[in-house]
Amino acid sequence: MKRKLISVAVLALAGCVAVIAQEKKKQEWKMPTGYAGITHEMSEFYEPVPPVVTPGAVLPDGGFTAPSDAIVLFDGKDLSAWESIKGGAAEWDVHDGVVTVNKKKGDIQTKQKFNDFQLHIEWQVPTNITGESQSRGNSGVFLQGMYEVQVLDCYNNPTYTNGQTGSIYKQSRPLANAMRKPGEWNVYDIIYTAPTFKADGSYRTNPTVTVIHNGVILQNHTTILGTTEWIGFPQVKQHGAGPIILQSHGDPSEPISFRNIWIREL
Ligand code: MG
């Protein structure tokens, strides 16, 4: 009996020692208090919680299908999210899950207007492309209907640098040429922040844009100076939310195609 009591006492003592050791360990792991008594908890925020977004699937060419919160602008089936800039239905050619520019029908634009956004759009130059410089697979993505991110076949096709693929046309040359050859799909991811205006119509904050082409950054938070002008310099025109416009360029080269277009409002 006496031996049993001694065993219990020893076990209890061992337990106490273990608990004390654990406590000591916990204290040792406690983050140190910073200057002026500031603790790490004081600079940690728990609200609001970012929403859960389910990412899209990765495509063989490096694109992504639409994440769960994106607005799908073209899923390969129809142009119901688009209209002609002249009014009426968008009449580009939808076939085989892609849409091909119809140069006789002019530019098309989204019915919906946007402010800040993340835009994903894929485009393909046909293998039978002809022409050179700006007359070779020319199209464009106009942000808020005002500012063009150039689309052009710049695979072994020199042109003025502030007019090549991924330029802010006639304003900002791209940081690289990341073109895939004709027949392959190019992927644009465009992150855009809309301008704000003063009462006199001048920019309070300029629009800015980041352009990633096939995973390569071409425009790094570039400041947009004003509207895209073919001849002359950018103009500052006050505007609100605007559409995405896809350009039907007047050059005689074979038309390019688009697919997998989606946008996330920011
Ligand atoms: Mg263009």
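1. Start with the hairpin. Strands β12 and β13 form it, with two residues between them. In the turn, N214 has a positive phi of about 55°. Note that this is a predicted model.

2. The two arms of that hairpin pair in the antiparallel sense, over five bridges. β13 covers residues 216-223. One pair to look at is V211, whose bridge partner in β13 is Q219.

3. β12 also pairs with β9, residues 185-193. Six bridges join β9 and β12, and the two run antiparallel. Here Y192 stands opposite V209 of β12.

4. How enclosed is strand β12? Five of its six residues, in the run 208-213, are buried, so the strand is largely enclosed by the rest of the structure. Buried here means under 20% relative accessible area.

5. Next, the metal site. The magnesium ion is coordinated at 2.2 to 2.3 Å. Its donors are N138 (OD1), S139 (O), E148 (OE), Q150 (OE1) and Q247 (OE1). Along the chain these donors follow the spacing N-S-x8-E-x1-Q-x96-Q.

6. Take N138 and Q150 as a pair. N138 sits in the loop between β6 (117-124) and β7 (139-143), while Q150 belongs to strand β8 (residues 147-151), so the two tie together parts that are 12 residues apart in sequence. Are these two donors buried or exposed? N138 is buried, at a relative accessible area of 5%. Q150 is buried as well, at 1%.

7. Now the five-stranded sheet. This sheet is open, and its order is β2-β5-β14-β7-β8, with antiparallel pairing. β2 (82-84) and β8 are the edge strands; each has a single partner strand, so one side of each is left without a neighbour in the sheet. β8 is also the strand that holds the magnesium donor Q150.

8. At the β2 edge, the partner is β5, residues 108-110. Three bridges link β2 and β5 in the antiparallel sense. Within that pairing, E83 has Q109 of β5 as its bridge partner.

9. Last, the chain as a whole. Its secondary structure comes to one helix and 15 strands. Of the 266 residues, 42% count as buried. What share of the contacts with a separation of 6 or more comes from residues 24 or more positions apart? That share is 64%. The accessible surface comes to about 15200 Å², and carbon and sulfur atoms hold 58% of that surface.

Conventions:
Residues are numbered from 1 along each chain as its sequence is written. This is a predicted model: local features need pLDDT of at least 70, side-chain atom pairs count only at pLDDT 80 or more; totals for chains, interfaces and linings use all residues. Side-chain values use heavy atoms; hydrogens and water are left out. Buried means under 20% relative accessible area, exposed over 50%, partly exposed in between (1.4 Å probe, protein chains only). Helices (H or I, at least four residues) and strands (E, at least two) are DSSP runs, numbered from the N terminus. Two strands pair if DSSP finds at least two bridges between them. Donors are N, O and S atoms within 2.8 Å of the metal (3.2 Å for Na, K and Ca); water is not among the atoms, so sites may look incomplete. Contact means heavy atoms within 4.5 Å. Accessible areas come from the Shrake-Rupley method with a 1.4 Å probe; for residues, only the protein chains shown count as cover.
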